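Me: I'm new to reading protein structures, and I'd like some help with strands and disulfides. Could we go through them together?

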Amino acid sequence: MQRDLAFWIGRLLLVVGLLSGVAPSAARAICDVDYVVQPGDNLFTIAEAHYGDRERWTVIYYRNQGELAGPSVIPGRTLFIPCPPNMPIESAPADAVVTQETTPAPTVQPAAELNLLTGGQYAPFTDPDLPEQGLITELVRAALEVAPSPVAYAIGWDNDWSQHLSPKLESKQFDMGFPWAKPDCAADPSAVRCVRYHYSDPLMEVPVMLFVRSGGGMVYGSDADVIGKTLCRPLREDVFDLDTAARRWISDDKVTLVQPAAAGDCLRMVADGRVDAAALNLFVGASALVAEGLRGRVEPLEKPLSQVSLHVIISKTHWRGTSHLYRMNAGLRHLRESGRYDEIVSRHMELFWSGLQ
């Protein structure tokens, strides 16, 4: 992963409002316009110019991934600057279509032919109390709504994520589950998750950061800096990015892994000096940092540790696995092609970051 993403994410969390507590700018947005990238631009400066708020770079990032070199902006490329939800608009083309209202989630039909399983307490992705029950939940529902040969479906909730794969998906109590990170099955096809499950196309990709004690001296320039350290990750979170074929940090005892119940537990351990770092995805870590009141005591390093993709999964032994997976992937493609995917993601990103202020 290129260093630009590390810098932007680090600056987003360390300098902009998240850690300082500064509220977003109230400037009116210049949006729903095309912008040609100029030399010296980055996502921060473009967001500041169009939104008056550097923190809203994620809105542009997730809208224009096809025009970016990874996370980098390329001079001469044209980016579309969408309007963040619920933000005043200063000017936009007269013929522009501005979507500002929340799209209601499609109705779940009672006689479900397709049963999906997810869990809560995973902002901004899934939780019954989040708008539209979370970003990933809305994407899954929207994809099923526009999929070919749609079927009646239902979504079940269980906050005990340890029960999702086994027994509930393996025993076919539920047909599909979400959101689950995918191991590198090409590098290690023998991984249990690769052997047992089919994965949908990615719902979205998420950077994983090292959250460390402020002023504690922990650095991450390369994997060598992590060897011998004690890392923390919540029990319900996957750990395969720590144990890839290239790393084998866990298999070869290169690091000590502590796994408490929640991300907040990890961050308190970091603050108290009981572990060297918490390896958390950006959104989980940011939420827990604010919830635990640890701003100023714990901070993310600038370089991402890894990047994971989130998926819908289904057991390879499911007799309708292929058709269900085809339906989901076709729906996701339609969302991306129609622009609705970008609208959903942008809206939830805006709500998430605004909620952390």
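Me: How many bridges join E5 to strand E6, and do the two run parallel or antiparallel?

Reply: Happy to help! Keep in mind that this is a predicted model. Strand E5 (residues 114-118) and strand E6 (residues 153-157) run parallel, and 5 bridges join them. To find the pairing by eye, look for Thr118, which stands opposite Trp157 in E6. Between the two strands the chain passes through helix H5 (residues 135-146), making a right-handed β-α-β crossover.

Me: Which residue of strand E7 stands opposite Leu116?

Reply: That is Met176. Strand E7 (residues 176-181) also runs parallel to E5, with 2 bridges joining them.

Me: Why is E5 said to be largely enclosed by the rest of the structure?

Reply: Count its buried residues: 4 of the 5 are buried, so the strand is largely enclosed.

Me: Now the disulfides. How many does the structure hold?

Reply: The general idea is that a disulfide is a covalent bond between the sulfur atoms of two cysteines. This structure holds 2 disulfides. One joins Cys185 to Cys194, with an S to S distance of 2.0 Å. Both Cys185 and Cys194 are buried, and their link is left-handed, with -90° about the S-S bond.

Me: What about Cys232 and Cys266: are they buried or exposed?

Reply: Both Cys232 and Cys266 are buried. Their sulfur atoms are 2.0 Å apart and form a disulfide. Cys232 lies in strand E10 (residues 230-232) and Cys266 in helix H8 (residues 263-271), so the pair ties together parts that are 34 residues apart in sequence. The torsion about the S-S bond of Cys232 and Cys266 is about -75°, so this disulfide is left-handed.

Conventions:
Residues numbered from 1 in each chain as written. Predicted model: local features only at pLDDT ≥ 70, side-chain atom pairs only at ≥ 80, totals over all residues. Heavy atoms only, no water. Disulfide = S-S within 2.5 Å. Buried < 20%, exposed > 50% of the residue type's maximum accessible area, 1.4 Å probe, protein only. Pairing = 2+ DSSP bridges. Right-handed = clockwise from strand over helix to strand, strands pointing away.
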